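Q: Could you take me on a close look at the place where the ligand sits, and then at the parts of the chain that relate to it? I would enjoy one connected walk through it.

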Amino acid sequence: MDLDAFRTLLTPAGRGALDEAVKILADGADPVAAASAMRRSHPADLTAAALTQASLRRRAEAKFGPDAAVMYFTPHGLEQATRPEVAAHRAARIRAAGLQADGLPADGTPADGTPAHGEPEGGPAVLDVCCGIGGDLLALTRAGCPVDAVDLDPLTVEIARANAAALGLSGLAHVRTGDAALTDPGGYGLLFADPARRGARGRTFDPMAYSPTWPVVLDLVARAPAACLKVAPGIPYEFIPEGAEAEWVSYRGEVKEAAIWTGMGPGGRRATLLPSGATLTASGAEAETGPVSRYLYEPDGAAVRAHLVAEVAALVSGRLVDSRIAYITSDRLVRTEWASCYEVTDVMPFSLKRLRAVLRERRVGVVTIKKRGSAVDVERLRKDLRLSGGNSAVIVLTRIEERPFALLCQPVTSANG
Ligand SMILES: C[S@@+](CC[C@H](N)C(=O)[O-])C[C@H]1O[C@@H](n2cnc3c(N)ncnc32)[C@H](O)[C@@H]1O
């Protein structure tokens with residue numbers, strides 16, 4: 001879809017065509033039938049734009065929920081947009097930090113952005129230098145922050161602007177086409193940057209290949225009183241600037257992204273779970289290692305990425321199964337959102353023959369296989385086990401003191417200390 005086609009969609013005729021396309025797709029028409037039905041009353045280019053947008057809205061429902069029904073997207077814009085729950089969490093931190101336009105905390109005390117009661121009136125002014133279709137922009141304005149948003153791509157800018165209007169947020173959202181490198185974050189409370197991680201050859205994990213590039217982003221950060229950079233969860237530690245806080249966020253047990261915060265407090269590592277908002281920071285805890293006992297805890301990926309496994313072990317009075325593997329064992333059953341808990345029924349050095357014999361004896365026909373520190377091909381193992389029977393089990397493949405082990409477990413659904 002080009003800019004002119006999108007602009008046509010915003011006219012009364014375009015809105016009518018889009019409503020019609022949404023209805024036709026909701027009624028289950030296939031793309032060819034939908035296009036021929038639309039072509040009876042609309043020109044070809046409007047038909048194409050309306051059907052593309054209608055199908056993007058359907059796809060966007062999983063991420064944006066009911067808002068998707070009034071928003072606009074490009075395929076890349078939708079894919080790269082921050083999930084609203086994660087964007088709202090970040091916006092709440094920014095809002096709660098009490099930063100003013102000049103970046104100083106409103107009451108002069110150090111800000112760490114941990115959401116708290118007694119928030120100041122309105123949020124700090126934010127410069128969003130890679131706004132995309134507006135995932136973060138919308139959350140920031142909803143949190144009461146006035147945002148100047150910039151994106152290199154004119155169509156994306158128009159879409160972000162339309163999204164702010166569709167959700168009644170235009171009053172706080174000012175969106176324009178521009179290059180992040182040419183912006184001045186100096187006059188804002190906070191710089192927000194979510195560089196594109198997708199190049200000509202697909203997704204990139206190398207921050208030097210981000211757009212804008214990492215040096216450009218760091219130069220903006222250096223000129224901003226406070227900053228939040230959205231990065232991939234696998235960002236190499238050496239890219240985290242000294243003194244910054246790195247926060248890994250998981251949503252419903254899946255690590256979604258990391259953010260690097262500057263000017264917001266003492267720095268360090270943080271893991272946050274959404275939707276609960278539970279957050280964990282480094283405490284200096286050190287975990288002992290010890291033999292596998294009654295329970296096995298698998299820490300949430302955000303805690304693992306943030307190197308906070310020892311902190312999770314402390315929460316369950318546990319020890320590590322191996323000093324280099326993120327599995328925790330404990331005699332105690334502790335309710336925590338920070339780890340999945342399993343009751344261990346068998347601990348055995350890994351041997352296909354032995355594992356198969358035990359599973360056959362227990363009539364296990366369904367297994368969930370988890371692994372950390374094991375080179376075993378999970379799908380191959382599943383076939384080789386030749387399972388049959390009405391019971392289920394969790395197999396945990398790991399390494400203990402350099403030797404491969406298999407643990408047979410049952411999930412504990414409600415741990416209650
Ligand atoms: C990951 S997306 C942003 C997603 C956004 N935070 C959201 O939640 O919808 C990155 C955006 O950066 C834009 N971009 C890439 N290089 C840029 C540059 N030098 N200046 C401004 N924007 C740029 C791309 O056009 C893309 O829309």
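A: Happy to! Please keep in mind that this is a predicted model. Let's begin with the ligand and its shell. The ligand is surrounded by 22 residues, and the closest of them are Asp136, Asp151, Ala180, Asp194 and Ser211. Sorted by class, that shell holds ten nonpolar, eight polar and four charged residues.

Now for the polar contacts. Asp151 places a polar side-chain atom 2.6 Å from an oxygen atom of the ligand. Leu152 takes part through its backbone: one of its polar backbone atoms is 3.2 Å from a nitrogen atom of the ligand. Ser211 uses its side chain, with a polar atom lying 2.7 Å from a ligand nitrogen atom. The ligand taken alone would expose 610 Å², and the protein buries 91% of that area. As for the space that the ligand takes, it is the largest pocket.

Ser211 deserves a second look, since its bond to the next residue, Pro212, is a cis peptide bond with omega near -5°. Pro212 itself is in the loop that runs between strand S6 (202-203) and helix H9 (214-223). So much for the ligand side of that bond; there is another cis bond to visit as well. Leu274 and Pro275 are joined by a cis peptide bond, where omega is about 10°. Here Pro275 belongs to the loop between strand S10 (268-274) and strand S11 (279-281).

It also helps to set the annotations beside this picture. An unreviewed UniProt entry gives the feature "domain: Methyltransferase" for residues 126-180. In the model, the chain over residues 126-180 is 38% helix and 24% strand, with its end C-alpha atoms 14 Å apart. Among the closest residues to the ligand are Asp136, Asp151 and Ala180, and their numbers can be read against the annotated range of 126-180.

Further along, the unreviewed UniProt entry also has "domain: THUMP-like", placed at residues 340-411. Over residues 340-411 the chain is 24% helix and 51% strand, and the C-alpha atoms at its ends are 8 Å apart. One backbone detail to look for here is Arg363, which has a positive phi of about 55° although it is not a glycine. You will find Arg363 in the loop between helix H12 (352-361) and strand S16 (364-371).

To come back to where we started, a good place to rest your eye is Ser211, which has a polar side-chain atom 2.7 Å from a nitrogen atom of the ligand and a cis bond to Pro212.

Definitions and conventions
Residues are numbered from 1 along each chain as its sequence is written. This is a predicted model: local features need pLDDT of at least 70, side-chain atom pairs count only at pLDDT 80 or more; totals for chains, interfaces and linings use all residues. Side-chain values use heavy atoms; hydrogens and water are left out. A residue is near a molecule or strand if one of its heavy atoms lies within 4 Å of it. A polar contact is a pair of N or O atoms within 3.5 Å; within protein, one must be able to donate a hydrogen and the other to accept it, and residues adjacent in sequence count only if both atoms are side-chain atoms. Accessible areas come from the Shrake-Rupley method with a 1.4 Å probe; for residues, only the protein chains shown count as cover. On a 1 Å grid over the protein atoms alone, a cavity is a set of points where a 1.4 Å probe fits but cannot get out, and a pocket is an open set with protein on both sides within 12 Å along at least five of seven lines; lining residues have an atom within 4 Å of a point. A molecule sits in a cavity or pocket if more than half of its atoms lie within 2 Å of its grid points. Ala, Val, Leu, Ile, Met, Phe, Trp, Tyr, Cys and Pro count as nonpolar, Asp, Glu, Lys and Arg as charged, and the others, Gly among them, as polar. UniProt positions are given in the numbering used here, feature names are shortened, and annotations may be inferred rather than shown by experiment. Helices (H or I, at least four residues) and strands (E, at least two) are DSSP runs, numbered from the N terminus.
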